[in-house]
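Reader: Please take one part of this predicted model and go through it closely. I would like to see how that part sits in the rest of the chain.

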Amino acid sequence: MDTLSYKTISANKATAQKEWVVVDATDMVLGRMASKVAKILRGKYKPNFTPHCDCGDNVIIVNADKIKLTGNKWNGRIYYSYTGYPGGQREATPASLMKKSPERYIKKVIKGMLPKNHLGDQLIDNLHVYAGSEHPHEAQQPKTIDLNLIK
């Protein structure tokens with residue numbers, strides 16, 4: 001067996017095959033959808049996955065305002081933030097964040113599932129979230145995928 005003929009292929013910016021995919025978020029549970037979308041953004045399902053490279057796909061999420069949360073999470077879960085000033089601790093529930101901007105809330109959830117470094121900042125730019133069923137990325141010819149088929 002000639003072991004020199006086997007080469008480990010490492011993807012980089014030039015050799016990564018990036019695609020555009022559309023995910024319909026209608027009646028999907030937020031956390032389950034977000035973990036699968038984070039895996040697609042990272043490129044972990046591809047055979048040439050490289051941990052230090054952006055080799056994932058561009059993801060378009062439509063119908064972001066129709067996601068579901070199980071249990072009492074709409075009002076029971078609390079997100080805390082701090083402005084930096086005395087008395088500046090703020091709290092928000094998923095219901096209030098969804099009422100304000102469903103796009104920003106879903107991006108926040110998916111960003112929490114990506115690496116907390118420079119690569120994670122690059123990967124979140126490949127995510128495009130829209131509250132309605134229309135998106136302006138038809139020129140990229142995205143393909144529709146079913147997240148239930150992704151493990």
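Author: Lys143 belongs to strand E6, which covers residues 143-144. With a relative accessibility of 42%, Lys143 is classed as partly exposed, because buried would require under 20% and exposed over 50%. Leaving aside residues up to four places away in sequence, Lys143 touches Glu19, Trp20, Val21 and Val22. With one of these, Glu19, there is a side-chain to side-chain polar contact of 3.3 Å. Val59 is 84 residues from Lys143 in sequence, yet the two C-alpha atoms are 9.9 Å apart.

The contacts of Lys143 with Trp20, Val21 and Val22 lead to strand E1, residues 20-24. E1 and E6 run parallel and are joined by two bridges. Thr144 in E6 is the bridge partner of Val22. Strands in a sheet are paired by backbone hydrogen bonds, in either the parallel or the antiparallel sense.

E6 is part of an open sheet of four strands, ordered E5-E2-E1-E6, with parallel pairing. E6 is an edge strand of this sheet, and so is E5 (127-129); each pairs on one side only. Helix H1 packs on the sheet and touches E1, E2 and E5, and the direction of H1 makes about 155 degrees with that of E2. Helix H4 also packs on the sheet, where H4 touches E2 and E5 and makes an angle of about 150 degrees with the direction of E5.

A second lysine can be set beside the one in E6. Lys46 lies in the loop between helix H1 (30-42) and strand E2 (58-62). Lys46 has a relative accessible area of 13% and is therefore buried, the limit being under 20%. Beyond residues up to four places away in sequence, Lys46 touches Gln17, Lys18, Cys55, Gly56 and Asp57. A polar atom of the Lys46 side chain lies 3.2 Å from the backbone oxygen of Cys55.

Cys55 raises the matter of disulfides, and the structure holds zero of them. Cys53 is in no disulfide, and the cysteine sulfur nearest to that of Cys53 belongs to Cys55, 5.2 Å away. A disulfide needs the two sulfur atoms within 2.5 Å, so a separation of 5.2 Å does not qualify. Likewise, Cys55 is in no disulfide, with the sulfur of Cys53 as the nearest cysteine sulfur. Both residues are buried: Cys53 has a relative accessible area of 8%, and Cys55 has a relative accessibility of 1%.

Apart from the parallel sheet, there is an antiparallel pairing to describe. Strand E3 (residues 79-82) pairs with strand E4 (residues 89-92) in the antiparallel sense, over four bridges. Tyr80 has Glu91 in E4 as its bridge partner. Six residues lie between the strands of this hairpin, and Gly84 there takes a positive phi near 105 degrees.

Strand E3 also takes part in an aromatic pair, and the count of such pairs comes to one. The ring centres of Tyr79 and Tyr105 are 5.9 Å apart and the ring planes are at 70 degrees, so this pair is edge-to-face. Because Tyr79 is in strand E3 and Tyr105 is in helix H4 (residues 102-111), the pair ties together parts that are 26 residues apart in sequence. Tyr105 is buried at a relative accessible area of 2%, whereas Tyr79 is partly exposed at 21% relative accessibility. The helix that carries Tyr105 is also a helix that packs on the parallel sheet, through E2 and E5.

The chain as a whole gives the setting for these details. The protein chain has five helices and six strands, which follow the pattern β-α-β-α-β-β-α-α-α-β-β along the sequence. Of the 151 residues in the protein chain, 40% are buried. Among contacts between residues at least 6 apart in sequence, 69% join residues at least 24 apart. The C-alpha trace spans about 65 × 40 × 30 Å along its principal axes.

To return to the starting point, Lys143 is a partly exposed residue in an edge strand of the open sheet, with a polar contact to the side chain of Glu19.

How values were computed: Residues numbered from 1 in each chain as written. Predicted model: local features only at pLDDT ≥ 70, side-chain atom pairs only at ≥ 80, totals over all residues. Heavy atoms only, no water. Buried < 20%, exposed > 50% of the residue type's maximum accessible area, 1.4 Å probe, protein only. Contact = heavy atoms within 4.5 Å. Polar contact = N/O pair within 3.5 Å; in protein donor to acceptor, adjacent residues only side chain to side chain. Pairing = 2+ DSSP bridges. Phe/Tyr/Trp six-rings, centres within 6.5 Å; stacked < 30°, edge-to-face > 60°. Axes fitted to C-alpha atoms, helices over the stretch in contact; angles between N-to-C directions.
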